[in-house]
Amino acid sequence: LDSSFCFKFQGFNWESCRKRWYQDLAPKAADLSQSGITTVWFPPPTESVAPQGYMPVDLYNLNSAYGSMDELKHCIQEMHKHDLLVLGDVVLNHRCAYKQNSNGVWNIFGGKLSWGPEAIVNDDPNFQGRGNPSSGDIFHAAPNIDHSQAFVRKDIKEYLDWLKTEIGYDGWRLDFVRGFWGGYVKEYIEASEPAFAIGEYWDSLLYEGGNVAYNQDAHRQRIIDWINATGGTSSAFDVTTKGILHAALHNEYWRLIDPRQKPPGVMGWWPSRAVTFLENHDTGSTQGHWPFPRDKLLQGYAYILTHPGTPVIFYDHFYDFGLRDPIVDLIAARNRTGINCRSPVKIFHANNDGYVAKVGEQLVVKLGRFDWNPSKQNDLIGNWKRSVGQGSDYQVWEEE
């Protein structure tokens with residue numbers, strides 16, 4: 001699969017578990033495909049202590065709050081019928097136990113993978129694990145799995161293979177990858193050969209005096225280091241770009257260029273592994289941990305849909321906020337001009353008033369209110385026609 005012309009769609013939010021979600025999502029396959037989406041990210045499918053799926057119990061039990069295993073398979077088949085790929089949200093860092101040990105600690109697992117405390121890292125403060133120390137950060141709400149154990153890795157590889165061959169998933173969204181070494185992820189990816197994999201390496205940006213600092217190189221470097229640990233087999237969410245956009249779109253567009261004249265997020269350093277997004281089930285939806293400024297959403301999409309990296313569109317924005325049509329217009333402009341995950345970016349302006357960049361050979365985008373068009377740029381040759389835009393928020397020109 002050439003992932004360079006990929007548009008990901010997060011096909012759920014924090015409240016989706018309250019409905020028979022697979023039944024809701026399946027009929028949308030045709031619309032998503034016609035809109036230019038290529039890949040749909042599904043919620044975690046396993047039996048879970050919490051209905052959203054991020055506290056998995058029996059990994060092989062795919063009857064969840066979102067629907068039954070048969071409904072899941074049908075939903076995936078509908079996506080495939082419309083040439084859409086499906087990403088499974090796999091939670092490999094932690095797992096909830098079935099039984100308590102003699103001390104009353106929940107650390108004995110059930111179902112097909114009936115592991116014991118030897119599958120839990122020994123520095124997990126809550127679950128009396130008997131494995132080796134963790135290779136990453138501890139997730140405190142559930143037992144942290146010890147991926148240094150050969151039997152654990154063998155079981156996980158078999159599980160991923162089953163999800164692909166029996167259920168029909170094409171790739172993975174990997175939850176909480178800060179919890180275990182990227183080298184284990186590399187092993188899982190090489191064994192399961194997904195069409196695409198995205199790691200959720202979630203980390204706080206640097207703040208100075210309550211504001212997002214201009215220089216976020218340390219933040220993006222940590223994400224890059226994780227991608228490197230996977231041998232480049234996985235991409236990662238470009239959390240850096242999301243955080244910078246929150247501030248930049250409030251007339252601080254100077255944030256959108258780094259000292260080397262590149263985009264300031266992961267996109268500026270390793271664009272083919274940067275998965276750009278504005279919102280997900282954690283940051284937006286009803287959780288609202290770090291919601292994107294609502295009046296800046298379209299400007300944010302104008303940025304990520306015209307720039308390199310692999311953009312993700314959030315369900316709520318597309319279907320609930322009435323942004324479907326302008327998003328579809330931006331996807332079409334990206335496709336017409338051949339922009340892909342590796343396209344070069346030449347930034348002409350990034351100041352208080354606005355931002356202008358040429359991306360690839362055939363597209364120019366302007367964000368912000370300032371008065372600019374291609375004829376005002378001396379070093380921009382070619383015949384440019386305006387294609388899509390929303391007033392002073394953003395304008396896109398394509399070369400004729």
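In this predicted model, the buried residues of helix α6 are His219, Arg220, Ile223, Ile224, Trp226 and Ile227. They lie on the same side of α6, because the arc that they cover around the axis is only 155°. The points below take up this helix, then the barrel whose strands include two of its packing partners, β7 and β10, and finally an annotated span.

**Helix α6**
- Helix α6 comprises 13 residues, from 217 to 229, and the distance from its first C-alpha to its last is 18 Å, which is close to the 18 Å expected at 1.5 Å a residue.
- The elements against which the buried residues of α6 pack are the helices α5 (182-192), α7 (239-248) and α8 (266-269), together with the strands β7 (197-199) and β10 (235-237).
- After α6 comes glycine 231, which has a positive phi, near 70°.

**The barrel**
- Eight strands with parallel pairing form a closed barrel, in the order β1-β2-β3-β6-β7-β10-β11-β12.
- On average, and with direction ignored, neighbouring strands of this sheet are turned by 30° against each other.
- Between β7 and β10, the parallel pairing extends over two bridges, and glycine 199 has alanine 236, in β10, as its bridge partner.

**The annotated span**
- Residues 335-399 are covered by the annotation "domain: Alpha-amylase C-terminal beta-sheet", which comes from an unreviewed UniProt entry.
- In the model, this span of residues 335-399 is 48% strand and 3% helix, and its end C-alpha atoms are 13 Å apart.

Technical notes:
Residues numbered from 1 in each chain as written. Predicted model: local features only at pLDDT ≥ 70, side-chain atom pairs only at ≥ 80, totals over all residues. Heavy atoms only, no water. Helix = DSSP H or I, 4+ residues; strand = E, 2+ residues; numbered from the N terminus. Expected span 1.5 Å × (residues − 1). Buried < 20%, exposed > 50% of the residue type's maximum accessible area, 1.4 Å probe, protein only. Arc of directions from axis to C-beta. Contact = heavy atoms within 4.5 Å. Pairing = 2+ DSSP bridges. Axes fitted to C-alpha atoms, helices over the stretch in contact; angles between N-to-C directions. UniProt positions renumbered as here; feature names shortened; annotations may be inferred.
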